[in-house]
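Q: Got a minute to walk me through this model? I'd like to go over the charges, the strands and a few odd backbone angles.

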Amino acid sequence: MCKLQFKNVNIEINKKKIINNLNLKIKNNEIHILMGPNGSGKSTISLALAGNKKYKITKGKIIFNNIIINNFSVEKRAKIGLFISFQENIEISGLNNEYFLHQSMNSIRKYNNKKVLNIIETKKKIYKNLKILNFSKKFLKRSLNKGFSGGEKKKNDILQILLLKPKIIILDEIDSGLDIDNLNLILNIINKLKKKKSFLIITHNPKIIKILKTDFIHILYNGKIIKNNNKNIIKFIENNGYEKFIKKKNI
């Protein structure tokens, strides 16, 4: 079953076309890697998928579980099971991280007609997952992402995924700011989550592909996707860069 599909999608910013005729299918229990040179449009895809109004879908459809979501609000997209982690996490002063997690969990539970959790029940779930991440409880009492290091922000993203249980997860530069131990920890968590979820992971780091149970690798260039499921292409890009890869493909 296809969880997420981009069907002939064009995306523009300020009337400038960034993504051109994007076609991509992500099925159940798959990990897709999206790579490409700077400015190729990788983050544009995640921002448009999140529902950022600056990124306009001028052609085509984004389909999630057989529902066209082009006009869905940011909140509705989250409630139906989309989770998007951005390259630069938003910092919100005054919004307690624990309160944010509690409200987010209950908002999704209400939408799915599940029992609302009280704060004690929420804390039990949070503390259980903090242990999995080797994440300190002190971050719960701080403002959301405020003063967090890059690695702490990424671990907070994974904490949200473990608690909110989205169906499909888009991660933009998930390795940013993480030391090798925490990177390995998070990549192994992603591999375990693959049994129940699907991922689109945007990265510049080909080394994470060696750890992740990757199903598809996509190279984005000039707003278009070049599909290649051969992991050897990553070695070529590592050794020669994108420019030689593009020339080799005669694009």
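Q: Where is Lys196 found?
A: Lys196 sits in the loop between α6 (180-193) and β10 (198-202). Helices (H or I, at least four residues) and strands (E, at least two) are DSSP runs, numbered from the N terminus.

Q: And what should I know about the model itself?
A: It's a predicted model: local features need pLDDT of at least 70, side-chain atom pairs count only at pLDDT 80 or more, and totals for chains, interfaces and linings use all residues. Residues are numbered from 1 along each chain as its sequence is written, and side-chain values use heavy atoms, with hydrogens and water left out.

Q: OK, is Lys196 buried or exposed?
A: Exposed, as the relative accessible area of Lys196 is 70%. The cut-offs: buried is under 20% relative accessible area, exposed is over 50%, and partly exposed is in between (1.4 Å probe, protein chains only).

Q: Which residues gather with Lys196 in the patch of positive charge?
A: Lys114, Lys125, Lys128, Lys165 and Lys167 join Lys196 in that surface patch. Patch members have over 30% relative accessible area and no salt bridge, with like charges joined within 9 Å and nonpolar side chains (Val, Leu, Ile, Met, Phe, Trp, Tyr) within 5 Å. Lys and Arg count as positive and Asp and Glu as negative, while His and the chain ends are not counted. The place of a charge is NZ of Lys, CZ of Arg, CG of Asp or CD of Glu.

Q: How many salt bridges does a search of the whole structure find?
A: 3 salt bridges turn up, where the term means a side-chain nitrogen of Lys or Arg within 4 Å of a carboxyl oxygen of Asp or Glu. One of them joins Glu98 and Lys141 at 3.0 Å, N to O. This pair links distant parts of the chain, 43 residues apart: Glu98 is in helix α3 (residues 97-111) and Lys141 in the loop between α4 (119-133) and β8 (143-144).

Q: Glu98: buried or exposed?
A: Buried, with a relative accessible area of 6%, whereas Lys141 is exposed at 54%.

Q: What does Lys194 pair with?
A: Asp215, in a salt bridge of 3.0 Å, N to O. Lys194 is in the loop between α6 and β10 and Asp215 in the loop between β10 and β11 (216-221), so the pair ties together parts 21 residues apart in sequence. Lys194 is buried at 15%, and Asp215 is partly exposed at 30%.

Q: Switching to strands. Why is β9 described as largely enclosed?
A: Because 5 of the 5 residues of β9 (residues 168-172) are buried. Ile168, Ile170 and Asp172 point one way from β9, and Ile169 and Leu171 the other way.

Q: Which strands does β9 pair with?
A: Strand β6 (residues 82-85) pairs with β9 in the parallel sense over 4 bridges, and β10 runs parallel to β9 with 5 bridges. Pairing needs at least two DSSP bridges between the strands. Phe83 is opposite Ile169, and Ile170 is opposite Leu200 in β10.

Q: Now the odd angles. What is the phi of Lys15?
A: Positive, about 65°, although Lys15 is not a glycine. Lys15 is in the loop between β1 and β2 (16-27) and is exposed at 80% relative accessibility.

Q: And where does Asn66 lie?
A: In the loop between β4 and β5, with a positive phi near 70°. Asn66 counts as exposed at 66%.

Technical notes:
Accessible areas come from the Shrake-Rupley method with a 1.4 Å probe; for residues, only the protein chains shown count as cover.
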